[in-house]
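Reader: I'm a first-year student, and I'd like a close look at one loop residue in this protein. Please start there, and then show me what surrounds other loop residues too.

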Amino acid sequence: MKKTATDVAVFFYLLIYIIMRKYLSVIIASLLAIVTFGQKQLTLDDFVRNYTFRQNSVYGIVSMNDGIHYTTLENNGIVKYSYETGMPVETILDISKAPDNYSKIRIASYSMSENETKILLATNVEYIYRRSFTADYYIYDIAKESYSKLSENGKQQLATFSPNGDKVAFVRENNLFIKDLNTNKEKQITFDGKFNYIINGAPDWVYEEEFGFNKGFQWSPDGNKLAFMRFDESNVRMFNMTMYQGQKPSYDNNKLYPENHTFKYPKAGEDNSIVTIKVKNRKAISLAVIG
């Protein structure tokens with residue numbers, strides 16, 4: 001009798017069914033044994049404190065220009081390592097050997113000038129939002145082994161060397177400043193910055209949070225111009241948020257009486273900040289045309 005395609009299909013289904021019935025109990029028993037053996041009680045600490053399931057990665061290294069060395073922050077100092085051997089080559093900065101008025105600095109982060117002759121040290125960090133913060137910045141001259149404070153006029157944000165390392169741009173109280181390291185003179189670039197109204201050189205809350213960046217300015221390759229973003233959040237509506245003591249960081253003043261923090265927070269369908277790009281050259285500030 002001639003077999004049809006349907007007969008063949010039924011035959012194979014029956015064959016698979018017989019095999020599965022024969023081995024199904026073995027498969028199930030094996031899976032149950034694996035699950036039971038590897039079973040663990042999950043806790044909130046596994047996710048928010050112990051980072052049990054966090055992926056492996058490399059943090060805290062800064063590659064050097066030669067491509068064969070990197071630096072890292074260790075014991076409140078900066079150490080140079082070899083990529084090839086993974087061993088330390090030299091200690092570039094050791095705060096314990098600094099003059100008395102600098103020896104108590106606690107380095108939170110650092111960045112080198114492009115020519116690797118100077119280092120910006122961030123200390124006394126105070127966070128604003130998730131990525132933004134203010135800090136006291138210090139400059140370390142590697143060749144001279146000397147320290148100097150970036151500014152005596154209050155904490156700064158986003159301190160950044162110019163490409164040749166002779167100037168530093170930073171934000172303070174929503175305005176942009178440039179420090180000339182050769183003359184030691186600090187110059188204010190913008191004057192209209194105001195909390196909850198105008199921000200120069202840094203993004204507002206929604207740009208920082210949703211686009212994942214906290215810096216709104218950039219040096220030109222020759223260091224003669226500075227392009228920056230200006231956020232006009234005058235028409236953005238206010239939002240109230242209760243600030244509790246917290247842990248990292250801990251606001252001890254809010255332990256008994258939480259603080260009411262008010263800031264500009266654009267919700268869906270509401271007005272966002274008006275963003276413009278401006279360029280500062282040696283003589284003036286001009287509006288950049290984008291597009």
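Author: Let's start with Asn 184, which is found in the loop between β11 (175-180) and β12. Strands here are DSSP runs of E with at least two residues, helices are runs of H or I with at least four, and numbering starts from the N terminus. This is a predicted model, in which local features need pLDDT of at least 70 and side-chain atom pairs count only at pLDDT 80 or more, while totals for chains, interfaces and linings use all residues. Residues are numbered from 1 along each chain as its sequence is written, and side-chain values use heavy atoms, with hydrogens and water left out.

What is the phi of Asn 184, given that it is not a glycine? Its phi is positive, at about 65 degrees. Asn 184 counts as exposed because its relative accessibility is 56%; exposed means over 50% relative accessible area, buried under 20%, and partly exposed in between, using a 1.4 Å probe and protein chains only.

Asn 76 has a positive phi as well, of about 60 degrees, although it is not a glycine. It is found in the loop between β2 (69-74) and β3 (77-82). Is Asn 76 buried or exposed? With a relative accessible area of 13%, Asn 76 is buried.

Asn 76 leads us to Ile 107, which sits in the loop between β4 and β5. Ile 107 has a relative accessible area of 10%, so it is buried. Not counting residues up to four places away in sequence, Ile 107 touches Leu 73, Asn 76, Leu 93, Ile 95, Leu 121, Ala 122 and Thr 123, where a contact means heavy atoms within 4.5 Å. Take Leu 73: from C-alpha to C-alpha it is 8.3 Å from Ile 107 in space, and the two are 34 residues apart in sequence.

Leu 93 and Leu 121 bring us to the inside of the protein. The largest nonpolar core has 16 residues, and Ile 78, Leu 93, Ile 119, Leu 121 and Tyr 147 have the most contacts inside it. A nonpolar core is a set of buried Ala, Val, Leu, Ile, Met, Phe, Trp, Tyr and Cys residues joined through side-chain atoms within 4.5 Å. At least two residues of this largest core come from each of β4 (88-94), β5 (109-112), β6 (118-127) and β7 (133-141). Setting aside neighbours within four places in sequence, Tyr 147 has contacts that include Leu 93, Ala 98, Pro 99, Tyr 102, Leu 121 and Ile 139. A second, separate core has 14 residues, among them Ala 169, Val 171, Ile 199 and Phe 231.

Back to loops, with Thr 190. It lies between β12 (185-188) and β13 (198-200), and its 5% relative accessibility is why it counts as buried. What does the side chain of Thr 190 reach at 3.0 Å? It reaches the backbone nitrogen of Leu 176. The Thr 190 side chain also makes a polar contact with the side chain of Asn 200, at 3.3 Å. A polar contact is a pair of N or O atoms within 3.5 Å; within protein, one must be able to donate a hydrogen and the other to accept it, and residues adjacent in sequence count only if both atoms are side-chain atoms.

Ser 162 is in the loop between β9 (157-161) and β10 (167-172), and it counts as buried at 1% relative accessibility. Apart from neighbours within four places in sequence, Ser 162 is in contact with Lys 167 and Trp 219.

Rings deserve a look too: the structure holds 15 aromatic pairs. Rings of Phe, Tyr and Trp (its six-membered ring) pair if their centres lie within 6.5 Å; planes under 30 degrees apart count as stacked, over 60 as edge-to-face and the rest as tilted. Tyr 129 and Phe 263 form a tilted pair, 5.7 Å centre to centre, with 45 degrees between the planes. Tyr 129 lies in the loop between β6 and β7 and Phe 263 in strand β17 (residues 259-264), so this pair ties together parts 134 residues apart in sequence. Tyr 129 is partly exposed at 21% relative accessibility, whereas Phe 263 is buried at 3%. Ring pairs link these two with Trp 205, Phe 239 and Tyr 265 into a cluster.
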